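Subject: Handover of a structure

Dear colleague,

Please find below the structure that I am handing over to you. I should be grateful if you would read the notes beneath it with the coordinates open.

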Amino acid sequence: MNRRKFFKNSAFATVGTMLIPHFLKAYEANPFGASQSAGKTLVIVQLSGGNDGLNTVVPFRNDIYYRERPTIGIAPEKVLKLNDEIGFNPALEALKGLYDDGLVTVVNNVGYPNPDRSHFRSMDIWQTASDSNKYLTTGWLGRYLDANCHGNDCLAHRAIEVDDTLSLALKGQELTGLALLDPKKLYNQTRNGLVQELSKMKPDAETTAAHPNVSYLYKTLAETASSANYIYDKSKVTHTQTVYPTTELGNRLKTVSELITSGVNTNVYYISISGFDTHINQPGQQERLLRQYAEAVAAFTKDLKSTGKLNDVLLMTFSEFGRRVKQNASNGTDHGTANNLFLIGGGLTPGRVFNEAPNLTNLDEGDLKYSVDFRSIYATLLREWLKVDDVAVLGRPFETLKIVSQS
Amino acid sequence: MKERANKQHLFWRAGFGASPDRLRETEHQSVRKIVRKLFSDSQSFTPLPTVGGEQPNRRELKGLLQEGKLDRDKLKDRIRENREAIRDLNVLWMEQMASGRGALREKMALFWHGHFACRNQNNVRMVQQYTNVIREHALGNFGDLLMAVSKSPAMLQFLNNQQNRKNAPNENFAREVMELFTLGRANYTEHDIKEAARAFTGWGFNAQGEFVFRRNVHDDGEKTVFGKTGPFQGEDIIKLLLERKETATFVTTKLVRFLVNDDLPADQPDHQRIDQLADQFYQSNYDIAGLLETIFTSDWFYEPKNIGAHIKSPVELLAGLQRSLGIKFEQKQPILYVQRTLGQVLLYPPNVAGWPGGRNWIDSSSLLFRMKLPDLILKEGEVTIKPKDDGDVNTELLARKVNRMFAATIDWPAFEKAFQKVRDEELIDELALYLLPQPLTGSQRSLLVARVKKEATRSEQIRTLTTAIMSLPDYQLC
């Protein structure tokens, strides 16, 4: 048999540090990497399904709103007022508290040119930051990893999605983020059966040259195991004192908080929650989800305050599109376009309503027109929050917005 | 040995692998003969049958609703039934890939599904028609395939050509037909798209889900496309696209990437080969079978750098696993669950550009899940990974029922029989030779051998080793 000479490091023939591949050894020595993106952390909460922005931030002075939404419109006296025009859905009471503390910025009318009303496509566009007529195979946070990967600094866990599977947003050309629902679960997965032993094998130079995909697979496995190990190790001693609601988002934000407190070298966290596709009987469903959202975020913010991290963490919440201005016949709303977006944290200048309320008289086929391209927000977060080159990630310059405190 | 590896390579690329028995049948056959058999096995075409009864489409349902013949709850039920039926279609097609005779046809249909990517969740009849179009023409003539897909209601709806009307053109279809289906970027101008969109005005479908040319919304004026002027209709544009050599080059390159090597190396010889193949494709008036035959019988196809160079897509992985061990799932959930968790749901491509493929399939979590998959299927292991909701209230069903077992019948006896005559000390290498594109390394081998209990019977040895070999990162490649 023409047996290939393959793995140099046999799990059985060698001992000790020989087992650890070089590219892992390199950062064991320098686990925090060279740069920490200015010590800032970005947390993204994606509301999947298309959250109805007009019933989230309600234009309570607008007659058209009440005319188009006779049964699902939220009465002015119930609205938690932010200014003379708009206010929060009453289910966002916990968020209103944060707003009053100057921790929340509301950006209205966020969208992109030629909007797509399909969940999948629009979510693709938000996750890849592409134009609506282009198809990218990498996500904007994956490209953030690519662009900021230097030498020993190329770590999957610099961007973590708190879930079992990884979203396109975190997939780059060279690097992808790490998905974990909780550090222990991932750690156990990498200790299971063959995985642990296989993660220590490294194809030799000959194999790498002849079969680059073999070495790619083993490299991915080794990095996963190493990241899982590192994160589990760092985080197992950290347990927050703050009480979180026992909802999916509550649990996930708690995991994020514990990871941040543990000092892991992660700059970006990603969470998605679903259920916002409210075609039928919207009010009960949406209010339940918004209340869960607000309460989880309030607990997270309180937790950050208690650990002194509030000024170093910024949370952004978006949805792939807003919904039609006019309600449908089932007490629900159908897919729309532009939407509002929240930024939450202590590093904002100053927390407020950033721009004009939606214009309900100037619609595009019954849908809101956007005035802020979502990529302007990404550019701002990249350049002014994470302090990295936004053009390298987004492919071209977008106007940045004055939302991050310069102090 | 080398010859057997070559045959494995052929079966994997021209299908979803072969059972050990099938492979043995070919022991004394030439590659040419096997290729001929692959084509003859795929000669006949059987359409996927209608599933879930006759489902009225959304518009018909709305009509019934307005006439008071249907209430809201029933409407919701009907939409749900429709989506359920599309999932049934997915499973039926998957069955063809996993155990059908025409593996080559299904493999190529999978390629065309990624090439002519289309998703339509509202009308199972349209989806069925589209799926059967790409299956029927999978090995035929690319021009016929292009025309049939372009006229399929599922595609026309997906790319908004129903809204493409005289005086209010919608360019979506015209753009994608050039950018993704034929010429590729940079081989047309925005002006070409605008003018071609006018030619496609009127192409649409009726309530029965049949193609119709709606003359009254067609723009019958003169159009200039690729420098040629005439009162073109849609068919004329398709013809003009096929006349362009760039179409042959674009499609051939994509096909070679799919069949031969994910990372098409940029070195000169390969490009010359692709040019030659594209020439042949163009000269033959786009004969798909002829092109495939040339590829499968060329020495280049069997060069070591191309063997094991392809990362199996989730559908290839699952179909291959099923084919190797004659696996039949008792229910459809595991099939949908694997597709969903690993990111390739048939009939739900991510967008019109299809699945990016290659290394895009692999990230930390998908790799761990792939390595766990043989355990789930062969040992009915515990399912602990939950795929994401995609946000659409109507597809949430797909994500549920995660905690059920992978109940399946596995044809272990046939598999074990195929290795009956192999001596004990050669068993692991023989299994690896059958399951992997490259032989095991020394360290892999020791790791696997250590998993077999001392007192294990022959049958237990085979099962343990097979499951373990299929759990290697190397099994992701073919």
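The notes below take up confidence, the strands of chain A and the contact between the chains.

Confidence

Please bear in mind that this is a predicted model. The predictor assigns the complex an ipTM of 0.93 and a pTM of 0.88. For chain B the average pLDDT is 91, and 92% of the residues score at least 70. Where pLDDT is low, the predicted coordinates should not be read in detail.

Strands β1 and β8 of chain A

I begin with strand β1 of chain A, residues 41-48. Eight of the eight residues of β1(A) are buried, so this strand is largely enclosed by the rest of the structure. The burial applies in both directions: A:Thr41, A:Val43, A:Val45 and A:Leu47 point one way, A:Leu42, A:Ile44, A:Gln46 and A:Ser48 point the other way, and all are buried.

Which strands does β1(A) run parallel to? One is β8(A), to which β1(A) is joined by seven bridges. Another is strand β9 of chain A, residues 313-319, and here too seven bridges make the connection. The residue A:Gln46 illustrates both pairings: A:Ser272 stands opposite A:Gln46 in β8(A), and A:Phe318 stands opposite A:Gln46 in β9(A). In addition, A:Ile44 is placed opposite A:Tyr270 of β8(A).

Strand β8 of chain A, residues 268-274, is mostly covered, with seven of its seven residues buried. Both of its faces are covered. On one side lie A:Val268, A:Tyr270, A:Ser272 and A:Ser274, and on the other A:Tyr269, A:Ile271 and A:Ile273. Besides its pairing with β1(A), β8(A) pairs in the parallel sense with strand β6 of chain A, residues 159-161, over three bridges. Within that pairing, A:Ile160 has A:Tyr269 as its bridge partner.

An open sheet in chain A

Chain A also contains an open sheet of three strands, in the order β2-β4-β3, with antiparallel pairing. Why does one side of β2(A) and of β3(A) lack a neighbour in the sheet? The strands β2 (57-59) and β3 (80-81) stand at the edges and each has a single partner strand, so one side of each is left without a neighbour. The antiparallel pairing of β3(A) with strand β4 of chain A, residues 86-88, rests on two bridges. In this pairing A:Leu80 stands opposite A:Phe88.

The contact between chains A and B

How many residues of chain B are in contact with chain A? There are 47, and they touch 53 residues of chain A. On the chain B side, α18 (364-379) and α21 (442-449) each supply at least two residues. The largest share, five residues, comes from α18(B). By character, the residues on this side of chain B divide into 20 nonpolar, 14 polar and 13 charged.

A residue in helix α21 of chain B

Helix α21 of chain B includes B:Gln444. Is B:Gln444 buried or exposed? B:Gln444 has 26 other C-beta atoms within 10 Å; because 20 or more suffice for a residue to count as buried, B:Gln444 is buried. B:Gln444 is separated from B:His218 by 226 residues in sequence and by 64 Å in space, C-alpha to C-alpha.

With kind regards

Technical notes
Residues numbered from 1 in each chain as written. Chains lettered and ligands numbered in written order. Predicted model: local features only at pLDDT ≥ 70, side-chain atom pairs only at ≥ 80, totals over all residues. Contact = placed C-beta atoms within 7 Å. Helix = DSSP H or I, 4+ residues; strand = E, 2+ residues; numbered from the N terminus. Nonpolar A, V, L, I, M, F, W, Y, C, P; charged D, E, K, R; others polar. Buried ≥ 20, exposed ≤ 12 C-beta atoms within 10 Å, placed from the backbone. Pairing = 2+ DSSP bridges. pLDDT = per-residue confidence, 0-100.
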